[in-house]
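Trainee: I've got a new model to look at. Please walk me through it, weak spots included.

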Amino acid sequence: MSKPASTPFIHTLINDLGAAAMLPNIMLGEELGLYRAMADGQPVTAQTLATRTGCNARLLREWLNAHAASGYMQHNDEHFSLDEQQAQALAHEDSATYIAGGTQAIASMVLDKDKLVAAMRGDGGLAWGDHHACMFGGVERLFRPGYRNHLVGSWLPALEGVVDKLHAGARVADIGCGLGTSTLLMAEAFAASHFDGIDYHAPSVATAGQRARDSGLTERVRFTQASAKDYPGRDYDLVCFFDCLHDLGDPVGAARHAWQALKPGARCCWWSRFRMIGWTTTSTRWGVCSMRSRRFCARPIHCRRRWVLGLARRRVRRAFGVCLKRRGSATCAGRARRRST
């Protein structure tokens, strides 16, 4: 029997298997504080890291070797270290490029495998709230660095007159707020304004409410369980959709409701880092990532809620009446429109 020839596809598959095997290593490093213990960039041995973290030195050696073999760490003899770029992505949660926390969302895709099997053999539906709990924290931790570094300083100033209005005092609705990160960041930055965080996932709303209480912001921040098409409230100065509109089963209906909730002359904006237009997006790393994950997240939600308009970008563009705008090399999309009288 002849030896099978190695092909580019086999190489790709092996690379992907290796990448998948690294994800548990990243989750271990993030949960056990291993990256944070190496954040100073100084070389450490397995025994040194064990002393710092209280973990098993023998298993740490294997963990460190896996990182060095994958190019996630620097390695010299028995010493390992994180360079600045690696530390920013793996150890510093305030960094704009911190990614390690987002691996929790990938873990949910594995833990939800049986649910996806049932969905694919059935009506295709899996509600957002039926995912494993690590999905919600993982998604929030994936997006949180962008919100912390860009929401107040870049995204909102891109909307003409919005920042001045927020400083003067405005009413804001944050749709699909999840665990409340974007809502609370805006509330901390604009002390004269009031904010309503809206999400239909009750456990996320409860967590967001607790965070508001812990931050002492309950007089100006309220979290409500409701869908994007039926939340209460009118005369908002700003309605926001951060990293959620592309997951809604009926973005046109959500846009219509937002329009009704705005006062004349107010603003509606949305932001998404995933441009799910089609196969052309797979030329980017974010495009490949989103193409691989949407079967586990967005599409099953649309099927569960019996909506078919999700991710229909032309319908979304028409609903908001604006053209696509790219932001930087990450191929992100942001939109805004003023409501006319």
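**Shaky stretches and odd angles**

Trainee: How many contacts does the model have beyond four places in sequence for residues 306–314?
Mentor: There are 31, though pLDDT stays under 50 across residues 306–314. pLDDT is the predictor's confidence per residue, 0 to 100, and a contact is heavy atoms within 4.5 Å. Residues 321–341 also have a pLDDT below 50, with 64 contacts beyond near neighbours in sequence. Where pLDDT is low, don't read the predicted coordinates in detail.

Trainee: What's the chain average?
Mentor: The pLDDT averages 83, and 78% of residues score at least 70. It's a predicted model, so local features need pLDDT of at least 70 and side-chain atom pairs 80 or more, while totals for chains, interfaces and linings use all residues. Residues are numbered from 1 along each chain as its sequence is written, and side-chain values use heavy atoms, leaving out hydrogens and water.

Trainee: New topic: which residues of α1 meet α4?
Mentor: M22, N25, L28 and G29 of α1 meet W63, A66, H67 and S70 of α4.

Trainee: Switching again, where does D235 sit?
Mentor: D235 is in the loop between β5 (221–225) and β6 (236–242) (strands are DSSP E runs of at least two residues, helices H or I runs of at least four, numbered from the N terminus). Its phi is near 60 degrees, a positive value in a non-glycine residue. Most residues other than glycine have a negative phi.

Trainee: And D243, buried or exposed?
Mentor: D243 is buried, at 5% relative accessibility, whereas D235 is partly exposed at 47% (buried is under 20% relative accessible area, exposed over 50%, partly exposed in between, using a 1.4 Å probe and protein chains only). D243 has a positive phi too, near 55 degrees, and lies in the loop between β6 and α12 (251–261).
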